[in-house]
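Trainee: Could you take me through one part of this model closely? I would like to look at the open sheet and how its strands pair.

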Amino acid sequence: MPLLEAFSDETQIMKYQLTTLPRGTAKMPILNIGYTNIILKQGASLSITPQTLNYLGGSQTYETSGYNFTIGDVRTMSVFNGVGINTNSSTALNSTTTLGTNVSKTVIGTTLNMTGTTINTFFSNQTQLQTVLIVQGRDSGARVTIPITVTKVS
């Protein structure tokens with residue numbers, strides 16, 4: 001098998017990264033965000049604070065380093081930001097603006113704030129827009145993918 005080239009950005013090579021869990025961990029951590037799918041009306045806001053279950057013996061339900069929140073199409077949101085983690089990398093990632101060619105966006109935080117787009121022209125002749133939200137624990141590596149639907153208000 002040929003050797004792979006070294007990658008400096010681990011997010012470009014591995015979907016499920018290797019994670020070292022505390023000694024004695026009997027179950028893999030899983031994320032619970034309280035939704036199996038999200039339906040937002042145009043201009044409606046929602047805050048999501050994930051919980052990591054089966055983490056650190058069940059004594060802690062949040063991750064100290066926070067969570068990565070990635071949306072498949074940021075154009076469906078007028079607000080998409082992570083709060084609760086104040087490091088240089090999270091501040092830089094959370095404050096970046098999306099260029100016209102970028103569609104997805106990742107933010108870091110313990111809580112995600114999002115608001116459905118208010119731009120009617122983006123809907124064209126459709127009544128709803130669909131995308132996905134991927135939440136990944138920065139310490140545990142646990143991840144969950146949730147479909148999002150933004151419905152147009154007439």
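Mentor: Happy to! Two strands count as paired if DSSP finds at least two bridges between them, and strands themselves are DSSP runs (E, at least two residues), numbered from the N terminus, while helices are H or I runs of at least four residues. This is a predicted model, where local features need pLDDT of at least 70, side-chain atom pairs count only at pLDDT 80 or more, and totals for chains, interfaces and linings use all residues. Residues are numbered from 1 along each chain as its sequence is written, and side-chain values use heavy atoms, without hydrogens or water.

Now to the sheet. It is open, with five strands in the order S2-S10-S9-S5-S7 and mixed pairing. At its edges lie S2 (38-41) and S7 (105-109), each pairing on one side only. On average, neighbouring strands are turned by 25° against each other, direction ignored (axes are lines fitted to C-alpha atoms, for helices over the stretch in contact; angles run from 0 to 180 degrees between N-to-C directions).

Look next at S9 (residues 128-137) and S10 (residues 143-151): they run antiparallel, joined by nine bridges. Leu129 has Val150 in S10 as its bridge partner, and Thr131 stands opposite Ile148 in S10. The hairpin of these two strands has five residues between them, and there Gly141 takes a positive phi near 80°.

S2 and S10, by contrast, run parallel, with four bridges. Here Ile148 in S10 turns up again, opposite Ile38.

As for confidence, pLDDT (the predictor's confidence in each residue, from 0 to 100) averages 82 over the protein chain, and 78% of its residues reach 70 or more.
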